[in-house]
Amino acid sequence: MYDYNAFDRAFLKERNSQFRAQVARRISGELTEDEFKPLRLMNGVYLQLHAYMLRVAIPYGTLNSAQMRKLAELATRWDKGYGHFTTRQNIQYNWPKLSDIPDMLDSLGEVGLHAIQTSGNTIRNVTADHFAGAAADELADPRPVAELIRQWSTDHPEFQFMPRKFKIAITGSPNDRAVTRAHDIGLRMVERDGETGFEVLVGGGLGRTPMIGKVIEEFLPRADLLPYLEAIVSVWNQIGRRDNKYKARIKITVHEHGIDEIRRLVRARFAALRGEFSGIDQQLLAEIEAQFAPPAFRQAGTDGYEAARKADPLFRSWSDTNLTPHRAEGYAIVSVSLKKHGATPGDASAAQMRVLADLAERYGHDELRISHEQNVILPHVHKSDLPALFAALREADLATANIGLASDIIACPGMDYCALATARSIPIAQQIAQRVDALKIEHDLGALKIKISGCINACGHHHVGHIGILGLDRAGVENYQITLGGDHTETAALGTRTGPGFSYDEIVPAIERLMLAYLGLRLTDDEPFAETYRRVGLGPFKAALYEEAQAYAAE
Amino acid sequence: MKNQVITANALIEGDVVYLAPSGQWVRHLSDAQVFTDDAEADAALHVAAARSNEAVGAYLITVTLQDGIPGPTHFREAFRLRGPSNRFHGKQAEHVDLNDV
């Protein structure tokens, strides 16, 4: 993992002291809200429905145990004892007081964490594959490059007042777990003639006008990455629209100018910029890479793991769903579900965060990850430690065996917290999870991605859910639209709207009808929902949604 | 003619406040001043919005009146009045008699 050097520490200290002074001037009345708002947003502070919210960046989703303990400490000292992990691998505190936030930021600084550029029209926290550095299917760990991008983009003088926010995601694996096609820039590591480079995607995004990213470069050599990124952002910063915030994101710029014209402009800008990066970025990258050296994996038998699987059906069920193949022999990647049936997706109590920190330290080479799917990952656990780990997770109420299943739902905070929301998301997620649990159909349903957003901005990624739910305000009541057939992976696709929306009381039964329809439509027990949908199309699902509803209404 | 109330979020705590007849910001909708005249409401909002060193983002909401007590008409305002639905936090968990801003 990357450790802050003296420069990083001094920078953060200075920045935090500037913000402390800004908060003081706001409280004393020297700064108006209009003057203060852009300053607080630059530092991750929102004013939400019931309170301020502090969004802390978890760079590319990576944490060590000390950092996780710090997140727990913030939750206890300055919030209500919990934190909310988000789809951008950040953590949000829902209840801080404005006057406490400078202390929170100083406290975070002690472990090399901050909230800089987690909001505002800047380059946001770079997100990455949550299995980075551990996955068996990976070409290389993308996190050194992500850290390089973090350093380059943080306080970049040219990119502090852009047309709109800008999000970059990176993966080192051909199996895209970072939703790179739905980001302003998506970076996918690829190999050509033995050399590793990047496929560069541009102009993806969800929100009001969802778009799948387009390929601007099929193969960009590694050494060209930073000047090329700078060229893209620089071109957009100049020609991106500032007259209308709904048309300001780069996806609209690419759409209006065409990918070929954008490529031409970016390449011209790149040619002018390339020389300015005299290789210092590659020197820096080499230093960062050394800090991401893999841990010393141990060699040990896995008999205990196999025996526990045979002996304990609960352990077997959990290890069936919550483990992913690791690149080191004898190891597994553990996904810890923050989606207990009926719980708020992504919420963890301070006590749970401390347990996770302890377990990472004891069994996981001191590493944790936060996934965009709002779960916590222990990326490096030796299989012989899994039975003990599972027992400890059970005690902390963290052993739900549902990763990738119907109750592993992404949900944005929605109108329970967010000032932008048009409807609630969390209670819908809670009720769907409870319903599939009550029906005991979750394992039969198999792989199913349900994603819920409480407004058109799509923080809950509903467009790319197998089942997407969008909460809207229709004439003063909550109304939920359904989309089907979305795909968040390397074969990314936007879902198709099924038809009229459903009320708050109708939406969970509607989702149940969809799930039951799938069970009847699939060819075999192992044909997943997404494949059945691709095979049969919208029709039969639409019938299940609307014709049955009408039949019930007529009774 | 509609019944309106001025609401905002407190500068330090960020919680929901309403403008009372005394001119103070209060934490309960039931204590809020109800404007029945649109022009008067707009004028009061103009004054309230300028007091952003006490409360931020002031705006008007339409309310119902039952026995003279204002209540929310839109679900967003009902949530602001109560707190989140997934946790017993916010106004629903706070006991009465919070100090005025």
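Which residue follows α1(A), and what is the sign of its phi? In this predicted model, α1(A) is followed by Gly29(A), and the phi of Gly29(A) is positive, near 95°.

The helix that precedes this glycine, α1 of chain A, runs over residues 6-28, and because 23 residues at 1.5 Å a residue should span 33 Å, the distance of 33 Å between its end C-alpha atoms agrees with the expected value. Its buried residues are Leu12(A), Asn16(A), Phe19(A), Val23(A) and Arg26(A), and the elements that cover them include α2 (33-42) and α4 (101-109) of chain A.

A second helix of chain A, α7 (residues 250-257), has Ile250(A), Lys251(A), Ile252(A), Thr253(A) and Val254(A) buried. Among the elements covering these residues are the strands β9 (195-202) and β10 (214-221), together with the helices α6 (225-239) and α8 (259-273), of chain A. Just after α7(A) comes Gly258(A), which takes a positive phi of about 90°.

The glycines that follow the two helices are set out below.

| Helix | Residue after the helix | Phi |
|---|---|---|
| α1(A) | Gly29(A) | positive, near 95° |
| α7(A) | Gly258(A) | positive, about 90° |

Chain A also meets chain B, in a contact that takes 25 residues from chain A and 22 residues from chain B. On the side of chain B that touches chain A, β4 (55-66) and α2 (75-82) of chain B each supply at least two residues, and the largest share, four residues, comes from α2(B). By residue class, this side of chain B divides into seven nonpolar, eleven polar and four charged residues.

Note on methods. Residues are numbered from 1 along each chain as its sequence is written. Chains are lettered from A and ligands numbered from 1 in the order in which they are written. This is a predicted model: local features need pLDDT of at least 70, side-chain atom pairs count only at pLDDT 80 or more; totals for chains, interfaces and linings use all residues. The expected span of a helix is 1.5 Å times one less than its number of residues. A residue is buried if 20 or more other C-beta atoms lie within 10 Å of its own, exposed if 12 or fewer, and partly exposed in between; C-beta atoms are placed from the backbone. Two residues are in contact if their C-beta atoms, placed from the backbone, lie within 7 Å. Ala, Val, Leu, Ile, Met, Phe, Trp, Tyr, Cys and Pro count as nonpolar, Asp, Glu, Lys and Arg as charged, and the others, Gly among them, as polar.
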